Amino acid sequence: MDKTYDPKAIETRWYDYWESAGYFRPQHMDDSAEPFCIMLPPPNVTGTLHMGHAFNNTIMDSLTRYHRMRGYNTLWQPGTDHAGIATQMVVERQLQGENKSRHDLGREKFIERVWEWKQESGNTITTQLRRLGSSLDWSRERFTLNEDLSAAVQKVFIDLYNEGLIYRGKRLVNWDPVLHTAISDLEVLSEEEQGQLWHMKYPLADGSGHVIVATTRPETLLGDAAVAVHPDDERYQSIIGQSIRLPLTDRTIPVIADNYVDPEFGSGCVKITPAHDFNDYEVWNRHSHEAAIQALDNGGLINIFTIDAAMNDSVPEQYRGLDRFEARKRIVADLETAGLLEKTEAHKLMVPRGDRSNAVVEPYLTNQWYVKVAPLAEPAIQAVEDGRIRFVPENWSKTYFEWMRNIQDWCISRQLWWGHRIPAWYDAEENIYVGESEQAVRAQYKLGDDISLRRDEDVLDTWFSSALWPMSTLGWPQDTPEFRTFYPTSVLVTGFDIIFFWVARMIMMGLKFTGEVPFREVYIHGLVRDSEGQKMSKSKGNVLDPIDLIDGIDIDTLVKKRTSGLMQLQQADKIEKQTRKHFPDGINAYGTDSLRFTFASLAGPGRDIKFDIGRIEGYRNYCNKLWNASRYVMMSIEDQDTGLDESSPVELGLAEHWIIARLQQTEREVAQQLEHYRFDLAAQAIYEFTWDEYCDWYLELSKVTLTGDSSAAAQRGTRRTLVRVLEALLRLAHPIIPYITEELWQRVAPYAGIKDGETIMLQPYPQADESRIDATVLAAVEWVKAFILGVRRIRAEFNIAPGKPLPVRFTGGNAQEQSWLDEYRPYLTSLAKIESLEPWNESDEAATALAGDMTIAIPLAGLIDPQAELARLQKELDKYRNDRQRISAKLENSSFVDKAPAAVVDKERQRCNEIEAAIVKLEQQYERIESLN
RNA sequence: AGGCGUGUAGCUCAGCUGGUUAGAGCGCUACCUUGACAUGGUAGAGGUCGUUGGUUCGAGUCCAAUCACGCCUACCA
C-alpha cells in the first residue's frame with residue numbers, strides 16, 4: 001500500500017465497477033423486502049453541478065447506501081427536467097451566433113434543434129453526479145419530456161380541466177418583456193433598488209385646481225383610468241366624482257373613492273393604472289361598473305405596452321414605440337416643461353425581476369391558463385397536519401402551512417416552444433376544446449371537418465411536470481410494478497428554497513391523483529454558502545465547483561473561471577483579489593470522499609452551511625488516517641494467522657474487549673443518528689471512533705501484544721480484532737465515504753473471514769451487539785489511559801524527551817487499581833515508556849500525577865524547579881477546592897438531597913469523595929515539595 | 001407588516017427529553033521526524049454559553065422580555 005492516501009488513484013475505477021455490475025438497481029420489483037425509495041430532485045438539464053447538488057447528493061446517497069446495506073429494497077431514481085425557459089435560452093443564444101432567431105426556424109425545426117442540443121450537452125450534470133459516487137439507478141433515468149412522462153402531464157391537465165380546476169382567463173400576469181412569456185409569482189425575485197418617486201400635478205377638469213399623485217413609474221400615467229382617494233378623507237370629499245384632465249393626453253379620468261388608499265401616505269391621492277399594476281387592477285375591479293369608468297377606452301383597462309414593454313398605439317403619438325424607460329424620461333421631461341412636476345425625490349423600492357432574464361417584470365394583461373389551487377391545497381395541508389407527511393426539521397411545516405393557507409392560483413402557461421404544449425384547441429369563435437389530440441377533441445365534441453381548429457401555442461410551466469415527478473417516473477398513470485413497489489416514496493431531500501416551487505406542488509398533485517402522499521418524510525437541509533456566509537453566485541465570484549474540490553485546480557485557472565463571463569466587468573479585479581487571498585495556492589485535489597465527509601459533517605440542523613476550505617482539508621486528513629490505519633493493519637496481518645481457522649486457540653486481551661465494546665457503542669450511535677437525519681453527529685461518531693479510539697489507542701495497544709512476548713493465541717486474537725474491527729468500521733463509514741471504504745475493504749475483508757465479497761456496498765450494515773459492551777473493561781481502559789496520560793504530562797512539563805524510558809513509582813490506589821496495575825503492566829510500560837515500575841517510598845524528590853486513587857510519581861532528583869511545581873500544584877488544588885466547595889454546598893442543601901433523583905445525589909457524593917481524596921494527595925505532595933525548599 | 005431562524009473558544013459549529021468539571025475541528029503555543037500516518041504524534045493556552053429577569057434543589061438547555069443579525073412572504077402609490 002502507498003504511504004499516503006491518493007483519492008485519484010482509487011476513485012476512478014470503483015464507480016464503473018458498481019454501475020456495470022448493477023449494484024445500483026433495486027433488488028426486487030415486488031414487496032418481498034421493505035422498500036426504500038428516494039427521488040432525485042431532477043436537476044435542470046442545462047445545469048452543471050454546484051455545491052448545493054453535491055451537498056444534497058451526499059445526503060441522499062448516504063441514506064440510500066445505508067438502507068441498501070440494511071437490506072431494504074432500494075431505489076434512488078435519477079432524471080432531469082427540461083427547464084423550459086433556461087433550455088430555450090441556451091439554444092436561442094446558439095442561433096443568435098448564426099444570426100438566426102427561433103422564428104426563422106419555425107417551431108418544429110426549433111424543437112428538433114433543442115433535442116439535438118439535449119442529446120449532445122444534456123448529460124453534463126449526470127456525468128458529474130457520477131463523480132460524486134451517487135448510487136443512482138441510471139438504468140431508470142427519466143426526463144420530463146419523455147413520452148410516458150408527457151402522457152402523465154397531459155392526463156393531469158385534461159382531468160383538472162374537466163373538473164374545473166384548470167381554467168383560462170384574461171388577467172394581469174408577471175410578464176417578462178425580454179423572454180416574452182408570463183412567469184409565476186415564484187419566478188419573480190423582488191429586490192430593493194434605489195429609484196425615484198415623482199410627484200405629479202393632475203389638474204381638475206373644471207380648472208379649479210389640481211391634485212398631487214406620486215409614482216415610481218411615470219410612464220404608466222398614459223394608462224391611468226382614475227385617481228383614487230380614501231372615501232373618508234375630508235380633504236377630498238368635494239372632488240370625488242369630479243374629472244381630472246390627464247396630463248400629456250387628451251383623456252379625462254374620474255376621481256373615485258376606495259378604501260385601498262392610505263390617507264396618511266403621500267398626498268392621499270393615488271393614480272390607478274389597472275392594466276399595469278396588481279393593486280390598481282383590484283381597485284378597478286371594484287369600480288368597473290361605474291359609468292365614468294365604463295366610459296373610458298376598454299372600460300378603463302388600458303394596456304399601454306407591447307410585449308417588449310415598449311409603448312403601443314394606445315398612447316399619444318409622440319410616445320409610441322418608445323421603450324418603457326425611454327418613455328419614462330420623455331414623460332418626466334414633458335411634465336416638467338408643462339409645469340406639472342411638483343417634485344422628484346429619491347426613493348427605495350422593491351423592483352421585481354424575472355429570475356431567468358433579470359429583466360424588470362411588468363404586470364401585463366394577457367390570456368393565460370391557471371390552476372385553481374385552493375381545493376388542491378386543502379388535502380395537502382391535512383396530510384402534513386395529520387402526520388402522513390413529516391417535515392424534518394419539524395419547523396418547516398410552519399413555512400409550508402403559511403404558504404399553503406395564502407396560496408394564489410398558479411399561472412401555468414408559458415409563451416415558449418420548448419415544453420409540454422397545452423392540449424387545448426380553439427375554433428373561430430374562440431371556444432375552447434381540451435383533449436388528448438385534435439382528433440380526440442373533434443370526436444368528443446362532434447366537430448365536423450368544416451370547423452377549423454387551432455391548437456394553443458403555449459406550453460406548460462416546467463414545474464407542472466416536476467410536480468408529477470414521484471408518480472410519473474414510476475410509470476403512473478399506468479399500473480406498473482415500479483409504482484406498486486415504490487410509491488409512496490420514503491423521503492424527499494431538498495433545500496428550503498424549493499418548498500413552494502416543488503414540494504408543495506408534488507404533495508397536491510400526488511394526493512389528487514393517487515390519493516396517497518408522494519413521500520412520507522421531507523428532509524429539509526440548509527443552503528451551502530461561502531466561508532463568510534455569503535450566497536455563492538457567479539456575479540459575486542465566490543462560487544466553488546465541487547469538481548474542483550475533488551480534482552483540484554491551480555490558482556490561475558480558478559481566477560479565470562471566476563472572472564470570465566461576468567455581467568459587470570468592473571467586478572473582475574475585486575474577484576481576482578479575493579480569490580487569490582482565499583486560495584493563494586489554488587485548491588488541492590481532496591477527492592470525493594473528503595468532500596462527502598465534509599458535507600455530512602456540515603449537515604446539522606442549521607439552515608446556512610458555511611463551507612470553509614479548512615473543513616475539507618481536515619476530512620482529507622481523516623481519510624489519510626483511515627488509509628494508514630489500514631496500512632498498519634495489513635502490515636500486521638499479511639501472511640499471518642488472523643484466527644480464521646477455528647481450531648487454533650484465540651485469546652482476547654483487555655484492549656480487544658475494549659475496542660470491540662467501543663465499536664458496538666459507535667455502531668449504535670451512528671445508526672441512531674442516521675435514523676434522525678443527523679449526518680453531522682453520525683459523521684462525528686465515526687470520526688472520533690476511528691481517530692481517538694481505534695488509531696490513538698487500540699493500534700498502539702495492539703503493538704504491545706504483537707511485538708511483545710505474548711502467546712500465539714493472544715497475538716492471533718489481536719490480529720483478528722484489528723482486522724475485524726477495521727472491517728466493521730469500513731462498513732459503518734461506507735454510506736458517507738464510499739470509495740475509500742470499498743478500496744480498503746477489498747483488501748481487508750478476506751482476512752476478516754469474508755469470502756466472495758464482491759462489494760462492500762451490498763454487505764450488511766454493522767449492528768450493535770449490546771452484550772459485547774463490558775462496563776468493567778471500559779473502566780479498566782479508562783484507568784490505563786489515565787495512568788499513561790499522567791506520565792506523559794509529567795514528561796511534557798519537565799521537558800523530558802518522549803523516547804526516554806523513565807523510572808515510575810506508584811502508591812495508594814484501591815484494590816481494583818492495584819490488580820489492574822499488575823495485570824496491564826505491559827500496556828503501561830510500553831505506552832508510557834516506563835523503564836521500571838515500583839512502589840514509591842514517598843521520600844524521593846518526584847513529580848506526581850493521579851490515576852484514580854493511585855498516585856504516580858516520577859523521581860526527578862535535581863530536575864524539579866520547586867517554585868514552578870508548587871505553582872502548578874497550587875493551581876490544581878485551587879480547581880479541586882473550588883469544586884469541593886460547590887459540591888458540598890449542593891450536598892448540604894437539603895432541598896437538593898430531598899428533591900433530586902437518588903442517582904444524581906449519589907453521583908455527587910461519590911464525586912465529592914473523589915475530590916476529597918485527590919485534594920489530600922495533592923496537599924501531601926505540596927508539603928513534600930515545599931520541604932525541599 | 002407578518003412568519004421563521006440564529007447568537008456557545010480567534011474562526012466554523014456540536015451540546016438529544018434541564019443533572020458531574022460546557023465539547024470537536026481548524027487556528028494558536030511548546031516539544032518531537034518513535035518502524036501506519038508530519039495529510040502525523042505528545043502536551044498545553046483559550047469560553048462569566050448576546051443581555052436581563054423568571055420557573056426549578058439545579059438552566060447553555062425551559063419560560064418571558066430585550067438587543068443584534070439573517071432569511072422568507074407581502075408590500076405604500
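V392 is buried in this predicted model, with a relative accessible area of 12%, comfortably explained by the cut-off, because buried here means under 20%. The residue belongs to strand β15, which covers residues 390-392. Setting aside neighbours within four places in sequence, V392 has V522, Y523, I524 and Y677 as its contacts. Y765 sits 373 residues away from V392 along the chain, and the two C-alpha atoms are separated by 24 Å.

Zooming out to the whole of chain A, the domain assignment splits things into five pieces. Domain 1 is pieced together from residues 31-165, 383-422 and 458-525, while domain 2 takes 181-362. After that come domain 3 (530-589), domain 4 (610-773) and domain 5 (791-932). Between the C-alpha centres of domain 3 and domain 5 there is a gap of 53 Å. UniProt, in an unreviewed entry, puts the feature "domain: Aminoacyl-tRNA synthetase class Ia" at residues 14-612. That stretch of the model works out at 35% helix and 21% strand, with its end C-alpha atoms 28 Å apart.

On to the nonpolar packing. In soluble globular proteins, nonpolar side chains tend to be buried together. Here the largest nonpolar core runs to 155 residues, and F611, Y694 and F787 are the ones with the most contacts inside it. Helix α24 (residues 679-707) supplies the largest share of this core, at 14 residues. A second core lies apart from that one and holds 65 residues, including L186, I389, I412 and F501. As for Y694, its partners beyond four places in sequence are A629, V633, I659, F689, L699, L722, V725 and L726.

Aromatic rings get plenty of company too: a search of the whole structure turns up 42 aromatic pairs. Take F483 and Y487, whose ring centres are 4.7 Å apart with planes at 15°, so this pair counts as stacked. F483 is buried, at a relative accessible area of 14%, and Y487 is buried as well, at 9%. Elsewhere, F597, Y619, Y622, Y687 and W691 come together as one aromatic cluster. Arginines also turn up over ring faces. R505 lies over the face of W410, 3.9 Å from the ring centre, and R607 does likewise over F496, at 5.7 Å from the ring centre.

Two loop residues round out the picture. The first is K538, which UniProt lists under "binding site" in an unreviewed entry. K538 lies in the loop that runs between β24 (527-529) and α18 (546-551). Its relative accessibility is 39%, so K538 counts as partly exposed. Not counting residues up to four places away in sequence, K538 touches V543, K561, R562, S564, G565 and L566.

The other is P231, found in the loop between β9 (226-229) and β10 (243-245). P231 is also partly exposed, with a relative accessible area of 25%. Its contacts, leaving out neighbours within four places in sequence, are Q237, I240, A257, D258 and N259. Between P231 and A779 there are 82 Å in space, C-alpha to C-alpha, and the two are 548 residues apart in sequence.

Technical notes
Residues are numbered from 1 along each chain as its sequence is written. Chains are lettered from A and ligands numbered from 1 in the order in which they are written. This is a predicted model: local features need pLDDT of at least 70, side-chain atom pairs count only at pLDDT 80 or more; totals for chains, interfaces and linings use all residues. Side-chain values use heavy atoms; hydrogens and water are left out. Rings of Phe, Tyr and Trp (its six-membered ring) pair if their centres lie within 6.5 Å; planes under 30 degrees apart count as stacked, over 60 as edge-to-face and the rest as tilted. Buried means under 20% relative accessible area, exposed over 50%, partly exposed in between (1.4 Å probe, protein chains only). A charge sits over a ring if NZ of Lys or CZ of Arg is within 6 Å of the ring centre and within 35 degrees of the ring normal. Domain bounds come from an automatic or database domain assignment. A nonpolar core is a set of buried Ala, Val, Leu, Ile, Met, Phe, Trp, Tyr and Cys residues joined through side-chain atoms within 4.5 Å. Helices (H or I, at least four residues) and strands (E, at least two) are DSSP runs, numbered from the N terminus. Contact means heavy atoms within 4.5 Å. UniProt positions are given in the numbering used here, feature names are shortened, and annotations may be inferred rather than shown by experiment.
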